[in-house]
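Here is a short report on a protein chain with a ligand. Keep the structure open while you read.

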Amino acid sequence: MAKQLRVGMIGYGFMGRAHSNSYKRLNDFFDVEHRPVLTAVAARNQQKAKSFADQWGYERVETDWRRVIAADDIDLIDIVAPNRLHKEIAIAAAQAGKMVLCEKPLAMNVAEAEEMTAAVEKAGVPNMVWFNYRRVPAIALAKQVVDEGRIGRPFHYRATYLQDWTIAEDVPQGGAGLWRLDIADAGSGVTGDLLAHSIDTAMWLNGPITRVTAKTETFVKERKHAVSGEVQPVSIDDACMFLAEFANGSLGTFESTRYARGRKNFNTFELNGADGSLYFDLEEPEYLQYFEYLQKQSGKKIEDHLTGWRKIHVTNSEHPYMDRYWVPGTTIGYEHTFLNALADFVIGLETGKPVQPDFRNALQTQKVCDMVLESARTGEWRQTGVDR
Ligand SMILES: NC(=O)c1ccc[n+]([C@@H]2O[C@H](COP(=O)([O-])OP(=O)(O)OC[C@H]3O[C@@H](n4cnc5c(N)ncnc54)[C@H](O)[C@@H]3O)[C@@H](O)[C@H]2O)c1
């Protein structure tokens, strides 16, 4: 029998659209009992929220998110508002006994993330953080390859996450669409916004990061604030590079910037081990590249005239998530990463095996982000304190 999953969405921007699409498509592609109902959307501007609600099919609009949390006809709160609001909304939702899904980064800092984690755990409510890149089939396949022991002893992990949209000095900071440049709304710059994704993927594939040393830079020192109209110092990190040590003894390099001309959302990683390597590039999201040195079944080392990287087109029904979609050779897109994440959350509800990353898992990524920023401030290596 179908069970309703009545959704209260807080915010209606980029992620509001991506998540609404997943709620609407869930039952088209996944055989789950829960049926999402787009019950309410909250945002401060009634008119804009209403037009969003009409377009996506939400039943009603609230201008105060607290009313959505207090409502008896809501089961799940989905937080797609700027980072500054995550903590207050998540804690209120947990205390009201609602399931809580929160966008990344979980919080502005570790102290907030710890309070949020304590709140959902105390309330015993299902929770998840939308680190959607784990749900790219090729990245999920990379995880499978690592778990199958095909990489052997890992030596290097290398991640980049590059964009170019803040190079112009006249891009204002703050307000709608530009809150990412305002430290008060975002908590940090590329570290929380982009590297949080890279760190989540890295620790999922290669285990805990134990120590970091970082360098950040803010290239444009002052920008006009879009709300006050005043020219104000820019306090976010425009670029961040850090070195990492993993608990398994491998070394990591991470680079992120919004000043890489021509790079729009260039998200890559490479893992090099004794027995094999993996490479992924979000600009070719349907491919996973794999170099096999030690053949697992035969134990044979492959070093001959045909040795080379394999570019695996991750579209077969044997590949993660792909049996839900089209025929082999046909691809899915960015939006499906959110649909896959939602499906995993709902399957977790139905099987009693909670989904990852939950708040506690995302707290570990927050610890790395905080220590990266702290290391950049002090110029010293920092222990991350990530749970092993
Ligand atoms: N998983 C990903 O890949 C990914 C991608 C983009 C953004 N995000 C995260 O999603 C969150 C939202 O980002 P976005 O890109 O959708 O931002 P956005 O600017 O497009 O949308 C933010 C929304 O929050 C609303 N909002 C602001 N203050 C509010 C309030 N007091 N009450 C209710 N609503 C309020 C705004 O009206 C807007 O609808 C951020 O935490 C961001 O880091 C994640």
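The report goes from the domains to the ligand, then to the helices and the sheet.

**Two domains**

This is a predicted model. The domain assignment splits the protein chain into domain 1 (3-132) and domain 2 (136-383). Their centres, taken over C-alpha atoms, are 24 Å apart. The two domains touch: 35 residues of domain 1 are in contact with 36 residues of domain 2.

Look at the side of domain 1 that touches domain 2. The elements that give two or more residues to this side are α1, α5 (110-123) and β6 (127-129). Helix α1 gives the most, with 8 residues. By class, this side of domain 1 has 21 nonpolar, 9 polar and 5 charged residues.

**The ligand**

Where does the ligand lie relative to domain 1 and domain 2? Both domains give residues to the shell around the ligand, so the ligand lies between them. The shell holds 23 residues. The closest are Gly11, Gly13, Phe14, Met15 and Glu103. Sorted by class, the shell has 13 nonpolar, 6 polar and 4 charged residues.

Helix α1 (residues 14-29) turns up again here. This helix gives the most to the shell, with 3 residues.

**Helix against helix**

Two packed helices are described by the angle between their axes and the distance between the axes. Take α1 and helix α9 (residues 334-351). They pack at an angle of about 65°, and their axes are 8 Å apart. The crossing of α1 and α9 is right-handed.

Which residues make the contact between α1 and α9? From α1 come Ala18, His19, Asn21, Ser22, Tyr23, Arg25, Leu26 and Phe29. From α9 come Glu335, Phe338, Leu339, Leu342, Ala343 and Val346. By class, the contact has 9 nonpolar, 3 polar and 2 charged residues.

**The sheet**

Strands of a sheet pair through backbone hydrogen bonds, either parallel or antiparallel. One open sheet in this model has 9 strands, with mixed pairing. The strand order is β16-β15-β14-β13-β7-β12-β11-β8-β17. Its edge strands are β16 (310-313) and β17 (382-383), and each pairs on one side only.

Three of the strand pairs are set out here.

| Strand pair | Sense | Bridges | Residues that stand opposite |
|---|---|---|---|
| β8 (residues 209-217) and β11 (residues 239-246) | antiparallel | 8 bridges | Lysine 215 and methionine 241 |
| β14 (residues 276-281) and β15 (residues 287-292) | antiparallel | 4 bridges | Glycine 276 and glutamate 292 |
| β15 and β16 | antiparallel | 4 bridges | Tyrosine 290 and arginine 310 |

Follow the chain from β14 to β15. These two strands form a hairpin, with 5 residues between them. Strand β15 also pairs with β16, again in the antiparallel sense.

**Helices on the sheet**

Helices pack on this sheet too. Helix α8 (residues 190-206) touches β7 (154-162), β8, β11, β12 (251-257) and β13 (266-273). The direction of α8 makes about 155° with that of β7. Helix α10 (residues 359-378) lies across β8, β11 and β17. This helix runs at about 50° to β8.

**To look back**

Find α1 once more in the picture. Helix α1 gives the most residues to the shell around the ligand. On the side of domain 1 that touches domain 2, α1 again gives the most. And α1 packs against α9.

Notes: Residues are numbered from 1 along each chain as its sequence is written. This is a predicted model: local features need pLDDT of at least 70, side-chain atom pairs count only at pLDDT 80 or more; totals for chains, interfaces and linings use all residues. A residue is near a molecule or strand if its C-beta atom, placed from the backbone, lies within 6 Å of it. Ala, Val, Leu, Ile, Met, Phe, Trp, Tyr, Cys and Pro count as nonpolar, Asp, Glu, Lys and Arg as charged, and the others, Gly among them, as polar. Domain bounds come from an automatic or database domain assignment. Two residues are in contact if their C-beta atoms, placed from the backbone, lie within 7 Å. Axes are lines fitted to C-alpha atoms, for helices over the stretch in contact, and angles run from 0 to 180 degrees between N-to-C directions. A crossing is left-handed if the near helix is turned anticlockwise from the far one by less than a right angle, and right-handed if clockwise. Two strands pair if DSSP finds at least two bridges between them.
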